[in-house]
Amino acid sequence: MAGRPNARVPKAAIDRRRAVITAAITALGPPLPGSLVERRTTCGNQCCRCHADPPQLHGPYLTWTRKVDNKTVTRTLDTAQADAIRPLLDNARRLRELTSELETLTLQQLRDDPAQPDP
Ligand SMILES: [Zn+2]
């Protein structure tokens, strides 16, 4: 049937998978939004090596970038600070993956329910 191409997934299998994901979310440590990025930059001094040809950029600098009120906010971190937040950023990425999988399961359930509109 058009629009419902995938094989039906048994409800018990979906429920089991949902329980596994929910347990994984419960076990996650604190999530921190944003990402760690290594940057190399130029400065304002036109005589500096960073403006030479070829340029020798400053850095690398570790930066933590995230969105605050729809604007990108960047903070420069030292190695210890970056090491401290890396696992928290990993938690947030894992949380997004798990949430996305939960949504996929719900879509499968709706798709397999003839009483529901085809999502
Ligand atoms: Zn420079």
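This is a walk through the structure shown above, which is a predicted model.

Let's begin with the sheet. Three strands make up an open sheet, arranged in the order E1-E2-E3 with antiparallel pairing. Strands E1 and E3 (71–77) are the edge strands, and each of them pairs on one side only. From one strand to the next, the twist averages 40°. If you trace the pairing between E1 and E2, you will find 6 bridges joining these antiparallel strands. As one example, Ser 35 has Thr 65 in E2 as its bridge partner. Between E2 and E3, which also run antiparallel, there are 7 bridges. Here Trp 64 has Arg 75 in E3 as its bridge partner, and Val 68 stands opposite Lys 71 in E3.

Now follow the chain from E2 into E3. These strands form a hairpin with 2 residues between them. Which residues in the loop between E2 and E3 deserve a look? Asp 69 is found there, and Asn 70 lies there too. Asp 69 has a positive phi of about 50°, although it is not a glycine. Asn 70 has a positive phi as well, of about 70°, and is not a glycine either. To see why this catches the eye, remember that most residues other than glycine have a negative phi. Is Asp 69 buried or exposed? With a relative accessible area of 74%, Asp 69 is exposed. Asn 70 is exposed too, with a relative accessible area of 73%.

Next, find the zinc ion. Which residues coordinate the zinc ion? The donors are Cys 43 (SG), Cys 48 (SG), Cys 50 (SG) and His 58 (NE2), at 1.9 to 2.3 Å. The angles among these 4 donor atoms are 104 to 117°, and the site is tetrahedral. As a yardstick, the ideal angle for four tetrahedral donors is 109.5 degrees. Along the chain, the donors follow the spacing C-x4-C-x1-C-x7-H. Cys 43 sits in the loop between strand E1 (35–41) and strand E2 (58–68), while His 58 belongs to strand E2, so this pair ties together parts that are 15 residues apart in sequence. Surroundings vary for these two donors: Cys 43 is partly exposed, at a relative accessible area of 30%, whereas His 58 is buried, at 16%. His 58 gets that label because buried means under 20% relative accessible area.

Staying with this part of the chain, look at two of its prolines. Pro 54 lies in the loop between E1 and E2, and the peptide bond leading to Pro 54 from Asp 53 is cis, with omega near 5°. Pro 60 is found in strand E2. A cis peptide bond joins Gly 59 to Pro 60, with omega about 5°. For context, most peptide bonds are trans.

Finally, turn to the nonpolar residues. In soluble globular proteins, nonpolar side chains tend to be buried together. The largest nonpolar core in this model has 7 residues: Leu 32, Leu 62, Trp 64, Leu 77, Ala 82, Ile 85 and Leu 89. Two elements, E2 and helix H2 (79–112), give two or more residues to this core. Which element gives the most to this core? That is H2, with 3 residues. Leu 62 is a good place to see how parts of the chain meet. Leaving aside residues up to four places away in sequence, Leu 62 touches Val 37, Glu 38, Arg 75, Thr 76, Leu 77, Thr 79 and Ala 82. Among these contacts, Leu 77 and Ala 82 are also listed in the core.

One last stop is Leu 88, which has its place in helix H2. Leu 88 counts as partly exposed, at 28% relative accessibility. With residues up to four places away in sequence set aside, Leu 88 touches Pro 30, Pro 31 and Leu 32. Leu 88 and Leu 36 are 52 residues apart along the chain, and their C-alpha atoms are separated by 11 Å.

How values were computed:
Residues numbered from 1 in each chain as written. Predicted model: local features only at pLDDT ≥ 70, side-chain atom pairs only at ≥ 80, totals over all residues. Heavy atoms only, no water. Donors = N, O, S within 2.8 Å, 3.2 Å for Na, K, Ca; no water. Tetrahedral: all angles 85-135°; square planar, octahedral: opposite > 155°, others 65-115°. Helix = DSSP H or I, 4+ residues; strand = E, 2+ residues; numbered from the N terminus. Buried < 20%, exposed > 50% of the residue type's maximum accessible area, 1.4 Å probe, protein only. Pairing = 2+ DSSP bridges. Axes fitted to C-alpha atoms, helices over the stretch in contact; angles between N-to-C directions. Core = buried A, V, L, I, M, F, W, Y, C linked by side-chain atoms within 4.5 Å. Contact = heavy atoms within 4.5 Å.
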